[in-house]
Amino acid sequence: MLTKLKNSTEVIISILLGLFFIILGLFILFNTNAIRNEEIPVSEDKIDTILDLINAFFVEVSNMLSMMIGGFPIVGGILMLLFGLGMFKIASWIRTTTKYDVPLTFFFLGLSLVLFIVTTILMTSVYGNWAFLFLFAFIIHWLYSIFKEYLNDKHRKEHYMIILFFYGLAYFFTQNSVYSSIERTITPTDVLSVNLFLAIVWISSYMSLWVGVFLLKANNLLKKPVTDDGEVLSRLNKKRKTIDTSKLDKYLGFSEKLYNFRNKVIDKVKNFFEIDLPSWFKVSYLELILGILALFFIFLEFNNRNGVFVEGYFKLSDMQTIYEWVNLFIALLLAVLYIYFTVMVLFRKTHYHRQMIIIFALWLYVTVSLYITLFKDVELSLFILPFNIFLVGVLTPLLLISIFKEFKGANRNEKDRKV
C-alpha cells in the first residue's frame with residue numbers, strides 16, 4: 001500500500017493542490033463582502049470559544065486576501081475554483097500518460113514560484129518588506145532544485161549550508177521586524193493566523209516544486225538525452241543520464257578548509273593536554289547527550305505553558321499563551337527530530353543532511369528567541385531567560401559539530417550517502 005502511494009506521489013500532490021484551490025475559491029466566494037471591504041480588526045477579548053478562535057483565523061485570511069483581490073473577489077473566487085478543477089484534470093494526465101510531461105514540468109515549476117511570490121506579498125502584511133528576503137532564499141532553493149544535477153554532489157553539504165544561511169537571514173530579519181511591531185500594530189492573533197495560512201500556501205509551493213523537479217529529471221530535460229527512445233526517457237522507467245560533476249562548482253568546496261582548521265585545533269588541544277581521544281569515542285555520543293539535554297529543558301518549558309491550559313482560569317482570549325504554546329511545540333518537535341536523526345547517523349550512517357538542517361533550525365529558533373528577549377520590549381519570549389541562555393549554550397556546540405563534521409559518501413549514487 002505504501003509503495004503504491006509512493007509511486008503515485010505526483011498524482012496525490014496534484015489532487016491536494018486541486019483541493020486547496022477549490023477550498024480557497026469557495027472561501028473567497030462565501031466571503032466576498034469581507035474581502036471587498038476594509039480590513040476588519042480582530043478583538044482578542046471577544047474570543048471565548050473555539051468557534052470564535054476559528055472565526056478570528058478566517059477574518060485574518062480575509063484581510064490578507066483583500067490585499068490581492070480586494071476589488072474583484074467574485075472573479076478571483078471563480079478563477080480559483082476553475083484552477084482547482086483543472087488540477088484534477090492534470091492529475092488524471094499524470095496518472096494515465098506521459099504525453100504532456102514536458103509542458104507540465106514547466107507548469108509546476110512556474111506554479112511553485114508564483115505561489116511563493118504570492119506568499120511573500122501576503123507576508124508583507126506582518127513582516128513588511130523584509131518578507132522579500134524569504135523570496136530571495138526560495139529562488140536560490142528553487143534554482144538549486146532544478147539544476148542540482150549540474151552541481152558536484154561531493155559539495156552537497158556546502159549547497160545546503162548556503163541555502164540554510166539565506167533562509168536563516170530571512171528568518172532573523174522578519175522576526176526582528178514583527179517583534180518590533182507586535183502588541184502595537186500587530187497582535188499575537190495576527191501573527192498566528194497569518195503564519196498558519198502562509199504555511200499552507202508555502203507547503204503547496206514546495207509540493208508543486210517537487211512535482212516539477214520530478215518531471216524535469218524523469219524526462220531528462222535541460223540535458224542531452226541518453227537516447228532518442230521516448231520510452232527510455234519516460235518517467236515510467238525513471239532512467240536518466242548522469243553527467244560528470246567532478247569539475248563543477250569547484251569554488252563551493254569550502255568545507256575542506258573547515259576540516260583542515262578543525263584538525264589543527266584538535267591536534268593543538270591534544271598536544272597541549274598530552275591526551276588522545278579513546279578509540280571507542282564517537283562524536284555522535286556527544287551529540288546525543290547534548291541533544292537529550294536540550295530536549296529535556298525544552299520539554300520543561302513546554303510543560304509549563306501546557307499546564308496553563310489545564311488550569312481552570314485559562315481563557316481562549318489569552319492569545320499570548322496560545323502563541324507561546326505553539327512556538328514551544330515547534331521547538332519540541334525540532335528537538336525530537338534532532339534526536340531521531342542523530343540516532344540514524346550513529347547506527348545507520350544515514351540522514352546526516354537532515355540532522356544538519358534540523359539542528360540549524362532549532363539553534364536559529366532558540367537564538368532568535370534569546371535576541372528578542374534581550375533586545376525587544378515584548379513579553380512573548382519562548383523561554384525564561386536562564387533556560388534560553390542555557391539552550392543557546394548547548395545547541396551552539398551541536399551546530400558547530402554539524403558544520404565541522406566531515407561527510408564522506410561511500411557511493412555517489414546513494415540517495416542519502418553515508419557519513
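## Second largest pocket

Helix α11 is the element that gives the most to the lining of the second largest pocket, contributing 7 residues. The model described here is predicted. The volume of this pocket is about 840 Å³. Its lining comprises 25 residues, and those closest to the centre are R262, I266, L277, F281 and V283.

Four elements each give two or more residues to this lining: α11 (255-273), α12 (283-310), α13 (319-348) and α15 (385-404). In character, the lining residues of the second largest pocket divide into 16 nonpolar, 7 charged and 2 polar.

## Packing of α14 and α15

Helix α15, one of the elements that line the second largest pocket, also packs with helix α14 (residues 352-375). Their axes are 9 Å apart and form an angle of about 150 degrees. Since angles over 145 degrees count as roughly antiparallel, α14 and α15 are therefore roughly antiparallel to each other. The crossing in which α14 passes α15 is left-handed.

## Packing around α2

Two packing relations of helix α2 are described here, with α5 and with α6. Helix α2 (residues 9-30) and helix α5 (residues 73-96) have axes that come within 7 Å and cross at roughly 165 degrees. This angle also lies in the range over 145 degrees, and α2 and α5 are therefore roughly antiparallel to each other. Their crossing is left-handed. The residues of the contact of α2 with α5 divide into 21 nonpolar, 5 polar and 2 charged.

With helix α6 (residues 101-127), α2 packs at an angle of about 40 degrees, the axes being 14 Å apart. Angles under 35 degrees count as roughly parallel, and those from 65 to 115 degrees as roughly perpendicular; α2 and α6 fall in neither range and are therefore oblique to each other. As in the crossing of α2 with α5, which is left-handed, α2 passes α6 in a left-handed crossing.

## Aromatic pairs

A pair of aromatic rings is described by the distance of the centres and the angle of the planes. The structure holds 26 aromatic pairs. One of them is formed by F134 and W202, with 5.5 Å centre to centre and 75 degrees between the planes. This geometry is edge-to-face, as planes over 60 degrees apart are counted in that class.

F134 belongs to helix α7 (residues 132-147) and W202 to helix α9 (residues 188-218), so this pair ties together parts that are 68 residues apart in sequence.

Notes
Residues numbered from 1 in each chain as written. Predicted model: local features only at pLDDT ≥ 70, side-chain atom pairs only at ≥ 80, totals over all residues. Heavy atoms only, no water. Axes fitted to C-alpha atoms, helices over the stretch in contact; angles between N-to-C directions. Left-handed = near helix turned anticlockwise from the far one by under 90°. Nonpolar A, V, L, I, M, F, W, Y, C, P; charged D, E, K, R; others polar. 1 Å grid on protein atoms, 1.4 Å probe; cavity = no way out; pocket = protein on both sides within 12 Å on 5 of 7 lines; lining within 4 Å. Points joined across faces, edges and corners; volume = space filled by probe spheres on them. Phe/Tyr/Trp six-rings, centres within 6.5 Å; stacked < 30°, edge-to-face > 60°.
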